[in-house]
Amino acid sequence: MKPKNLLLSAGAVTLLVGCGSLGGSAGFPSAEQAVASSWQNMQPGWEKRLVQDDTQKICSAARDKPSKADAERVEKMNAAMKVVYPASGTLIGDWKRGEAIAQSGYGLRVGDNNPNQKPGGNCYACHQMTKQELSYGTLGPGLNQYGKLRGNSEAIVKYTYDKIYNSHAFSACSNMPRFGLNGILQPEQIADLVGLLMDPKSPVNQ
Ligand code: HEC
C-alpha cells in the first residue's frame, strides 16, 4: 500500500470509530429521546403529538397513498369518531372572528406557550380564501366563493364543520390537520370558520 492510501484508510477507520460512538452507546440519547428533549417551551400536552394514532400509522406506512381498502378503513374509523359541536347549537359563527382564526398560524410551534392565546387555523397556508389576501398556499383547493357556489343547506353547513373538525373522515391521509379532533381549534372557533366560508357577507363570498 502506498503511504497516501495508508493515510486514507487510517482516516476511514477513525471515521468509523467516531460514528460508532455516536450510534447510541451508553450516555447518548436514542433518536426518540433526542427529538423529545428538543421540544421545549411548548403548550401543555404537546407530548401526545409524538405518539401516532392508528390513522397516522396506516398513512405513514403507505406514505399517504393508502390502498383503496385502507383508505376506506381510515375514513370509516375517523367518521366513527365523535364530533363536538358548539354549545350554542349554531354551526355558522362570526366570519370576522373566523377570518382572524384563518389568518393566525399561532400554536403548536416551539415557543407558542402563551396560555391566553388560542391556536389559529393557518388556513391560508394551504387555501386561497378571500380575493384580497395575496399570500396563500395552494396545497388545498381554493375556497374563494365557497358559500356562494354551494349554498347553505344544512347538509353543506354540517359537512363544512365536520370537514374542518376531522378532515380524515372524508379524505384518508389528507394533508389537512384534524383541527377539532386534535384539539387545535375549539368548536366555537370552527363555527366561526364555517361563518367565514358560508356567510354571504364574508369576504370569501364577494
Ligand atoms: C396543510 C394544508 C391544509 C391546511 C392548513 C388546511 N387545509 Fe383545508 N384542505 C387541505 C386539502 C389538501 C384539502 C383537499 C381535500 C383533502 O385532502 O382533505 C382541503 C379541503 C378543505 C375543505 C373541503 C373543500 C371541498 O371542496 O369540499 C375545506 C372546507 C377546508 N379544507 C377548510 C379549511 C380550513 C377552514 C382550514 C383552516 C382551519 C384549513 N382547511 C386548513 C389542506 C389544508
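Which helix gives the most to the shell around the ligand? Let me keep that question open for a moment while I introduce the structure, which is a predicted model.

The protein has eight helices and zero strands, so if you walk along the chain from the N terminus, you will meet one α element after another, in the order α-α-α-α-α-α-α-α. Of its 206 residues, 35% count as buried, and the protein exposes about 12,900 Å², with carbon and sulfur atoms supplying 58% of that area. If we consider the contacts between residues with a separation of 6 or more, 58% of them come from residues 24 or more positions apart.

Now to the ligand, where I would like to spend the rest of my time. The space taken by the ligand is the second largest pocket, and 23 residues lie around the ligand, of which C123, C126, H127, Y159 and M176 come nearest.

Coming back to my opening question, α7 gives the most to this shell, with three residues. The helices that each supply at least two residues of the shell are α6, at 146-150, α7, at 154-165, and α8, at 187-198.

Finally, let us look at individual polar atoms. H127, which we have just met among the nearest residues, places a polar side-chain atom 2.8 Å from a nitrogen atom of the ligand. For S174, an N or O atom in the side chain is 2.7 Å from an oxygen atom of the ligand, while S171 has a polar side-chain atom 3.3 Å from an oxygen atom of the ligand.

How values were computed: Residues numbered from 1 in each chain as written. Predicted model: local features only at pLDDT ≥ 70, side-chain atom pairs only at ≥ 80, totals over all residues. Heavy atoms only, no water. Helix = DSSP H or I, 4+ residues; strand = E, 2+ residues; numbered from the N terminus. Buried < 20%, exposed > 50% of the residue type's maximum accessible area, 1.4 Å probe, protein only. Contact = heavy atoms within 4.5 Å. Areas by Shrake-Rupley, 256 points an atom, 1.4 Å probe, with all protein chains shown as cover. Near = heavy atom within 4 Å. Polar contact = N/O pair within 3.5 Å; in protein donor to acceptor, adjacent residues only side chain to side chain. 1 Å grid on protein atoms, 1.4 Å probe; cavity = no way out; pocket = protein on both sides within 12 Å on 5 of 7 lines; lining within 4 Å. Sits in = over half its atoms within 2 Å of the grid points.
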